[in-house]
Amino acid sequence: MGEIQADFFEGVGDDSLPFDTQSIDGTITTVGDKIYVIGGGSNDETDGIDVRIFNKSKGKWDVPTTLGTKPAQCKGHSAVLLNNDRILILKKDSTPDDCTWFLEVDTPYVREKKEKMGTEVVAWSKGVKAHAPKPIVISGPSGVGKGTLISKLMKEFPSTFGFSVSHTTRAPREKEVDGVHYHFAERTSMEKEIRDGKFLESASVHGNLYGTSIEAVEVVSDAGKRCVLDIDVQGARSVRTCSLDAIYIFICPPSFEELEKRLRARGTETEEQVQKRLRNAKIELEEGKSSGLFDHILVNCDLEICYQTLKKLLGLDGCTGTTPIDGSSVKNVELPNGHSISEVNQKIFIHCVTADPGKKNLFVLDVSSLKGGAPGRTRGLNMYAIDPFANCLNGGLKETNCLNGGLERDANGIILT
Ligand SMILES: Nc1nc2c(ncn2[C@@H]2O[C@H](COP(=O)(O)OP(=O)(O)O)[C@@H](O)[C@H]2O)c(=O)[nH]1
Ligand SMILES: Nc1ncnc2c1ncn2[C@@H]1O[C@H](COP(=O)(O)OP(=O)(O)O)[C@@H](O)[C@H]1O
């Protein structure tokens, strides 16, 4: 049973804690010998919700390295520890798609980063309802036709696929649009964002920095679309080792001479850049064909035949291209502003303060089948409203019973025994 930790923003006098809790303006959650104080430490609204850790065994405060995108500051929040490795944050006064967040404190991802960085680490992950269809990673040497194949796929199946817009420090080509083909970035700011844990992967390719931000993949998944990543072999390898479960496809040219011909005919690179890309192509072709990294290798000889083969292996042959593969994103339930929460058997009961008697004031957030998490979103949140007074044998359930977690109910509000 989880304790109620609602709206601690007024401060909670708790003598069992080794510091003056009255002066703390955030929520307090204890995990082992660490006390996580979330919020209240920064007055800078652009900064997002901050986190401090009081280490009981060392008797001192730590400011952890915080990975991922922080949730924007809000008028208050509630916090519940789940599975001893993450803290569920429910924001007050926030929009439905921004109310549920997780602060990971001891998940495998956080443990790995702690070991690598040698510091305290926490990672934010936004909670969403929609599950994500499996992304597709497409790699291959420059000029092989990756972009051409991906464009054909997007054009034929606009509601099924979404492109992961990478960041790069290379200069835009004539017809490239910032935010559409790439996010064209300055090296120092991109390097900082990589250090801040905002990227799924990044690599130096042909002398420039390229990278896939977590957001680039997640916005596509949020829209219920299947994400397509056009990344180099190093990037594909990094993505394989992180949590992204994807299909990996390598595109080969029919011959090295044909690759050179296509690259020159495209006319987007200087001679020096063409030479560099051709040198790298040799290495990429070796790696792509031999490493066992890719699930499928396609030879792009005749464009139409290659495209049809690609469609076939994605299970799209015979499709008209109008329906999403895995449903579209689901909207979150709208929570009224004030609330308090309790936890029973991986179900979070959210009791909302509402002056309108007609409005639902008890919600259940089922966290039993969560998927993903940092460095991406936490998916599979299941939230539904229940009527605390419906179907009760004794003429209604007292709110305090619900909040104190003594009763578990199904989606219709019926008490489960
Ligand atoms: N690792 C990684 N590689 C990327 C990313 N975006 C693009 N690339 C790769 O960078 C290489 C160069 O891309 P680009 O400059 O657009 O040239 P092109 O391959 O000739 O079209 C290609 O192999 C891309 O697949 C990314 O986000 N991460
Ligand atoms: N099967 C093919 N046969 C002939 N030309 C092709 C074929 N596929 C792509 N091309 C052309 O080759 C050039 C490079 O293709 P592009 O999609 O830009 O490659 P990449 O994204 O892999 O660098 C483009 O001018 C494109 O029109």
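This is a short talk between a trainee and a mentor about a predicted model with two ligands.

Mentor: Ground rules come before the questions. This is a predicted model, where local features need pLDDT of at least 70, side-chain atom pairs count only at pLDDT 80 or more, and totals for chains, interfaces and linings use all residues. Residues are numbered from 1 along each chain as its sequence is written, chains are lettered from A and ligands numbered from 1 in the order in which they are written, and side-chain values use heavy atoms, with hydrogens and water left out.

Trainee: Why is Asp85 called buried?

Mentor: Its relative accessibility is 10%. Buried means under 20% relative accessible area, exposed over 50%, and partly exposed in between (1.4 Å probe, protein chains only). So Asp85, at 10%, counts as buried.

Trainee: What makes Asn83 exposed?

Mentor: Asn83 has a relative accessible area of 60%. The cut-off for exposed is over 50%, so Asn83 is exposed.

Trainee: Where do Asn83 and Asp85 lie?

Mentor: Asn83 is in the loop between S6 and S7. Asp85 lies between strand S6 (77-82) and strand S7 (86-91). Strands (E, at least two residues) and helices (H or I, at least four) are DSSP runs, numbered from the N terminus.

Trainee: What is notable about the phi of Asn83 and of Asn84?

Mentor: Phi of Asn83 is near 55°, a positive value in a residue other than glycine. Asn84 has a positive phi too, near 60°. Most residues other than glycine have a negative phi. Asn84 lies in the loop between S6 and S7.

Trainee: How do you know that Asp85 and Arg86 make a polar contact?

Mentor: Their side chains are joined at 3.0 Å. A polar contact is a pair of N or O atoms within 3.5 Å; within protein, one must be able to donate a hydrogen and the other to accept it, and residues adjacent in sequence count only if both atoms are side-chain atoms. This contact joins side chains at 3.0 Å, so it counts.

Trainee: Which polar side chains reach ligand 1?

Mentor: Asp230 has a side-chain N or O atom 2.6 Å from an oxygen atom of ligand 1. For Arg173 the distance to an oxygen atom of ligand 1 is 2.9 Å. Asp232 comes 2.8 Å from a nitrogen atom of ligand 1. Taken alone, ligand 1 exposes 560 Å², and the protein buries 96% of that. Such areas come from the Shrake-Rupley method with a 1.4 Å probe; for residues, only the protein chains shown count as cover.

Trainee: What makes up the shell around ligand 1, by class?

Mentor: There are 5 nonpolar, 7 polar and 8 charged residues. Ala, Val, Leu, Ile, Met, Phe, Trp, Tyr, Cys and Pro count as nonpolar, Asp, Glu, Lys and Arg as charged, and the others, Gly among them, as polar.

Trainee: What polar atoms come close to ligand 2?

Mentor: A polar side-chain atom of Thr148 lies 2.5 Å from an oxygen atom of ligand 2. A polar backbone atom of Gly147 is 2.9 Å from an oxygen atom of ligand 2. The protein buries 73% of the 560 Å² that ligand 2 exposes taken alone.

Trainee: Which helix gives the most to the shell around ligand 2?

Mentor: H2 does, with 3 residues.

Trainee: What makes the bond from Ala374 to Pro375 cis?

Mentor: Its omega is near 10°. Most peptide bonds are trans. Pro375 lies in the loop between strand S22 (371-372) and strand S23 (378-379).
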